[in-house]
Amino acid sequence: MPRVNGTFSITDAQYAALDAGLSDGKSLLISAPTSTGKTLIGWWAAASGLERGKKFVYLVSHRALASQKFEEIQSLFQRQWLENDTTTLVCATGDGVVDGSGRANSAPLSATVLVATYEKYLALISAGGPPQDLSDVVFVCDEVQLIGDGSRGKHVELLLSVLKRTGWYQFVGLSAVMDDNGAAQFSNWLNLSLVKVETREKVLKIEGRWRNGCLVATSTPEGISPLVQEPNAKEMQLNGMVDELLSGEKKPVIVFCMKVDDTYTLAEGWASSQPFTQNVVPPAGLDLDSSLLALINKRCAFHNAELSEAERAYVEGLMQDQTIDVVFATSTLAAGVNFPLGSAVFSKWKRWDFDKRAHQPIRRDEFQNMAGRVGRTGQEADEGLVLATASSVSELSDLQRLMDFSTKETLGVGISPSDFGSLVIQLFAGGLCSTRQGAFELMASTLSASREAERGVGNVEHWRQHLDVQIDRLIDTHCLMDTSERLVVTDFGKAVAKSSLKPETAEHFLRFLSRNGEHISRMLPSPDHEGQDDDLLFIFCHGSLLSPEYNLTGGPRTRNLSWRFENLGAVTNPQAQRLEHVLFERPWVANPGAANGARALSEWASGASRNDLGEILPEVRLGLIENTARDVSWLLSAVSQVISSSSSPTLADAARHPLLASTNPSLPEIRKFARVLRRYAVRVASGLPSECHWLQELELKGPAKRLTRKQILSIHQHGLSKPHLLMDGSPEYDARREAALPKTGGIGYPNLVRDAARSWKVDQRQHFRARHTKNAVRHGCSELISRLYDAKGKTLEAVLMEIFADIGIECNLLDDGTRPAWPDLKIAFSKNGLVTDVVAEVKTKEKETALVPLTDAIEVISAAAIAGMGGAPVTTICSPGVEPSVPTAISGCNHLSIVELADLAEAYLRVKDGNLTIADLHNWITTPGIALTEDLPYKNL
């Protein structure tokens, strides 16, 4: 509860929410301006629900906002409300799903507290069918006006339509810019009580300056004042206005820019007349743009989507610390994040409209949301001041409309017939309908349908024909089967829905793998063959950027490749030239943007530096490569999931996509690439070679919890990326670590990293052991889990046989001491009606810091052949784990999978929970590569 001078102090909006029954579990829509404390209203709902034993889900509009809210939740709730159990908090975005410890989590819906973007949560609850009852969940939906967004609103609306059917304990919607009619329609649709507050807690003044005077709009705690015309002309030059605000101590000043390029040129223009007033030293390992650092030393910065995530966070931190006075930013800095802005200037308030081929004013809600970031509650300034200019009478009229606090932009329409293509697969895969009529009725129950019916003839019958077209498309792409009585989603369709891919994108990759699988399989690394891993990664990055996600095949684009990648034409591309015969599209120069993007991503994923990347594509900044890598990583990971789940050996051919049928001679090669693509997804996302991925998991006991990419690459370049070398305490390796990670600001990173490497696997095992032991209590098998983690050698083999027997799988001992060189176990899945048994070797290390090397990991292949079972799938179960270089080295092995003990324990408990079938377990173990917890399917019970 906030206090002022020791006395409780809440805003009008907070009081109104409590008065409307927030703490009693009443469902509300809070419509109030920025700076009225809506986030705290959400935290009160969370606390009230947690106190009653409910779960809490916080849905947000942007990935960066999810990260910020997750950090806030950890500080607010983890210790007091969740007994400091980091596994009970999960953050889920397009980047991945992690718990409070920063580790991957593949069961987010079981978390007590979940922060997610709207699209990610829709994908989660659609997997295996949404829960039938969510009456134990408190939902807080931030920036809920996103439901009317032209590009993303459809997913928000479909999600809320699903939640409306399943129900909830409490639903709290938060919005600063929803108009009266839209708020009433939204609250009526979801049966929410509308809490509407018009006034801000602090004064916000907007000045619309023009050559003959100044138009002033003011919002105060007492209300909204009428627009006032002042006759006195004021400063209209951008730099002059910035200096005026600085001299009035309205710091920091944000200059809103409509184009990314303007953030650079305008920042440089203002800073050119400013002296260097400080010498800021960036944190160790931060890869910071040199031109940005030069501006920072003049107390200035730019902020946009082309900065890396770390750079944006750094600039935001400097604003919090009052180290910079002026920031030139796009609207990325106004996406709901709370920063201490003293004032703002709109360099422009029009944006280029590609359809109309003209500059058009931005939407009023965007203008007011950006302006509202100034003078927020909790900031020192008593008044927020925003400046904008108009160069003509017609512009002044447009600006007056934007400045009018008394009127809000009409809520946009989220769903229209053009959106059905991306929504229909979710309806059927989520079990929400099974007929054309059922699909129509569900779409007709949406908010958009009711609003369109109000405007038209009272119904949306004309939607039916558009819906039928999309259903026919899903039948043609093998996502649906028409039985004449109902429509049945195929396993391929379920996988596509869960992945959020277009069906055409999955087919794009399947056709390529079917056509080229045999050839490119020979390029995979194997124990006796170095392979061409970087070349393969380039091929799949190129294919990703050419996929239907980036074009109009199968509906509107879901991803866009920045024009900067194509701006230079086809740059020199040795990989594309050398690999042209096996690329997704030939000639490679036909699409320069895709080829340039693939080269940048390939170099990035191989560890290229900022300077190296800048020499290849001078106009493409590191943050843009990072953002593109994030999109391609999502796509590769999604294709990996589709291949793995819809090519399971237990599936009948009639239930498969034709390209995944058992009669396709390329199926073994296609299936092999499921986990290869997963590994490439991690490489692209992190910008690191495969053998360095484990370094991201190190937990440092210092000011920074994790190593940065720059630090990891330095470790790799100094030959220290193998665990046993990084933890070596000899003088030689002490010197290497010091060369790779010099002390910065008195912080001894060499020793921090050495210690983190020594405890890496131990900490990881302790984390999973604690989680698994806790989960095992309800099944009465916690003692068995404890023995599983403690056992070594032959004792571990015996415990594994007990584990499999406990879930109804017979496990036979093959190496009984009388048959030298035979494998250890046979997991008899065939007795459960599955196609093949699995031959297993168990490898353990006595030390918790020691890992199973490649030679031991692949021994099962020859052992199975000696035992006369060479054609069977083989697996190596490793305790405590396997060396990080092994996943790449076994990529070319046809039938080998490797399972670490903690992942196997997770799979076992999923079966006990009923969240994993024996068929799913068999598919997970028999898919070639490393079997990770993240790959386990999860059903919504």
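## A starting point: Ala798

Which helix does Ala798 lie in? Ala798 belongs to helix α31, which covers residues 793-806. Keep in mind that what you are looking at is a predicted model.

How covered is this alanine? Its relative accessibility is 41%, and the range between 20% and 50% is called partly exposed, so Ala798 counts as partly exposed. You can also pair Ala798 with Glu699: the two are 99 residues apart in sequence, and their C-alpha atoms are 33 Å apart in space.

## The whole protein

Now zoom out. The protein has 36 helices and 28 strands. Its radius of gyration is 29 Å, and the globule rule gives 30 Å for 941 residues, so the protein is as compact as a globular protein of that length. If you draw a box around the C-alpha atoms along the principal axes, you get roughly 100 × 70 × 65 Å.

What about contacts along the chain? Take the contacts with a separation of 6 or more: 69% of them link residues 24 or more positions apart.

## Surface and charge

Of the 941 residues, 58% count as buried. The accessible surface adds up to about 36200 Å², and carbon and sulfur atoms hold 50% of that.

As for charge, there are 96 positive side chains and 113 negative ones. The centres of these two sets lie 1 Å apart.

## Two nonpolar cores

Which residues touch the most other members of the largest nonpolar core? They are Tyr121, Phe139, Leu160, Phe186 and Phe540, out of 126 residues in that core. Helix α24 (residues 622-646) supplies the largest share of this core, with 12 residues. There is also a second, separate core of 59 residues, and among its members are Trp270, Leu288, Ala371 and Leu387.

Phe540 is a nice one to click on. Skip its neighbours within four places in sequence, and Phe540 is in contact with Phe509, Phe512, Leu513, Ile520, Phe584, Leu636, Phe673, Leu677 and Tyr680.

## A covered helix: α13

Is helix α13 mostly covered or mostly open? This helix, residues 420-429, is mostly covered, with 9 of its 10 residues buried. The buried residues of α13 include Phe420, Leu423, Val424, Ile425, Leu427 and Phe428. Gly421, Gln426 and Ala429 are on the buried list for α13 too.

Just beyond, look for Gly431, which follows α13. The phi angle of Gly431 is positive, near 70°.

Technical notes:
Residues are numbered from 1 along each chain as its sequence is written. This is a predicted model: local features need pLDDT of at least 70, side-chain atom pairs count only at pLDDT 80 or more; totals for chains, interfaces and linings use all residues. Side-chain values use heavy atoms; hydrogens and water are left out. Helices (H or I, at least four residues) and strands (E, at least two) are DSSP runs, numbered from the N terminus. The radius of gyration is taken over C-alpha atoms; the globule rule is 2.2 Å times the number of residues to the power 0.38. Buried means under 20% relative accessible area, exposed over 50%, partly exposed in between (1.4 Å probe, protein chains only). Contact means heavy atoms within 4.5 Å. Accessible areas come from the Shrake-Rupley method with a 1.4 Å probe; for residues, only the protein chains shown count as cover. Lys and Arg count as positive and Asp and Glu as negative; His and the chain ends are not counted. The place of a charge is taken as NZ of Lys, CZ of Arg, CG of Asp or CD of Glu. A nonpolar core is a set of buried Ala, Val, Leu, Ile, Met, Phe, Trp, Tyr and Cys residues joined through side-chain atoms within 4.5 Å.
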